[in-house]
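Colleague: Please take one part of this model and examine it closely, then place it within the rest of the chain. I would ask that the cut-offs behind each term be stated as the term arises.

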Amino acid sequence: GFSRSGRPAAEGVPRRDDGLQRVAAGFRRHPPEIGSRRLAFDLPRGGVRARVDARFDGAGFKSMADPGNIQRLSVAASLKAPAAAVRALLIGLMRPKAAAYAKAVKPDATAAEGGALSVRMADQTIRNLQARHLLRSKGGDYASSLTFRDGALTVNGQPMALPELPASAR
């Protein structure tokens, strides 16, 4: 064998890729699987619930570097959270950007004006996510689900475009 530098490896010294080969062999025998992992926690504005199922089909697995591995991955996930909590989170995330923008447009902008802008930005983000079918309203909650199977992604039942995979991955 050869070392990373391209020179012959010393006899009896394990190559760095030996560990990856053992991992690859393990994937073929016992594919990794995350089954029905659930997450639930309560917030002051209600409970958040999430679920993830992921599987990797080890049949035909050759190497960690094979771009075709993406085709072997299957994922199903769902998330449900109180609409008020999602909105409050987005407002908090938008606040620094909104304050900076408000000051750039109007140097004497008040904190209240920056806060009002962060509310408008959060509400527009929610509307955009809903218009793209990435977020659904269910009662007083927002929910979303996704599946990734056979290299195809769907969010809330809607197919979503992914970056083009190299020909070797198809």
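Modeller: Helices (H or I, at least four residues) and strands (E, at least two) are DSSP runs, numbered from the N terminus. The model is predicted, so local features need pLDDT of at least 70 and side-chain atom pairs count only at pLDDT 80 or more, whereas totals for chains, interfaces and linings use all residues. Residues are numbered from 1 along each chain as its sequence is written, and side-chain values use heavy atoms, without hydrogens or water.

The part I have chosen is strand S6 with its two hairpins. Strand S6 covers residues 152–155, and its side chains alternate between two faces. Leu153 and Val155 point to one face and are buried (under 20% relative accessible area; exposed is over 50%, partly exposed in between; 1.4 Å probe, protein chains only). Ala152 and Thr154 point to the other face and are not buried.

On one side, S6 pairs with strand S5 (residues 141–149); the two run antiparallel and are joined by four bridges. Pairing requires that DSSP find at least two bridges between two strands. One of the partnerships here sets Thr147 against Thr154 of S6. Thr154 is thus a bridge partner as well as one of the side chains on the face that is not buried.

Two residues separate S5 from S6 in their hairpin, where Asp150 takes a positive phi near 55°. Asp150 has this backbone angle although it is not a glycine, and its place is in the loop between S5 and S6. With a relative accessible area of 60%, Asp150 is exposed.

S6 also pairs with strand S7 (residues 158–160), again in antiparallel fashion, through three bridges. Leu153 has Met160 in S7 as its bridge partner. The hairpin of S6 and S7 likewise has two residues between the strands, and there Asn156 adopts a positive phi near 50°.

A positive phi in a residue other than glycine is also found at His133, where the value is near 65°. His133 lies in the loop between helix H3 and strand S4 (136–138). Its relative accessible area of 42% makes His133 partly exposed.

Where do these strands stand in the chain as a whole? The chain has three helices and seven strands, and from the N terminus on its elements follow the order α-β-β-β-α-α-β-β-β-β. Of its 170 residues, 24% count as buried.

Nonpolar side chains in soluble globular proteins tend to be buried together. A nonpolar core here is a set of buried Ala, Val, Leu, Ile, Met, Phe, Trp, Tyr and Cys residues joined through side-chain atoms within 4.5 Å. The largest one has eight residues: Ala83, Leu90, Ile91, Met94, Ala122, Ile126, Leu135 and Tyr142. Helices H2 (83–105) and H3 (111–131) are the elements that give it two or more residues, and H2 gives the most, with four. A second core, separate from that one, has six residues, among them Val75, Phe148, Leu153 and Val155. The two buried side chains of S6, Leu153 and Val155, therefore both belong to this second core.

The helices meet in other ways too. Leaving aside its neighbours within four places in sequence, Ala122 is in contact (heavy atoms within 4.5 Å) with Arg87, Leu90, Ile91 and Met94. Of the contacts in the chain between residues at least 6 apart in sequence, 49% join residues at least 24 apart.

Side chains of opposite charge can pair when their charged atoms come close. The structure holds five salt bridges, each a side-chain nitrogen of Lys or Arg within 4 Å of a carboxyl oxygen of Asp or Glu. In one of them Arg87 pairs with Asp123, the closest N and O atoms being 2.6 Å apart. Because Arg87 lies in helix H2 and Asp123 in helix H3, the pair ties together parts that are 36 residues apart in sequence. Arg87 counts as partly exposed, at 32% relative accessibility.

Another salt bridge joins Asp42 to Arg49, with 3.6 Å between the closest N and O atoms. Asp42 is exposed, at 61% relative accessible area, while Arg49 is partly exposed, at 39%. The side chains of Arg51 and Asp53 also meet in a salt bridge, at 3.1 Å from N to O. In that pair Arg51 is partly exposed, with a relative accessible area of 30%, and Asp53 is buried, at 14% relative accessibility.
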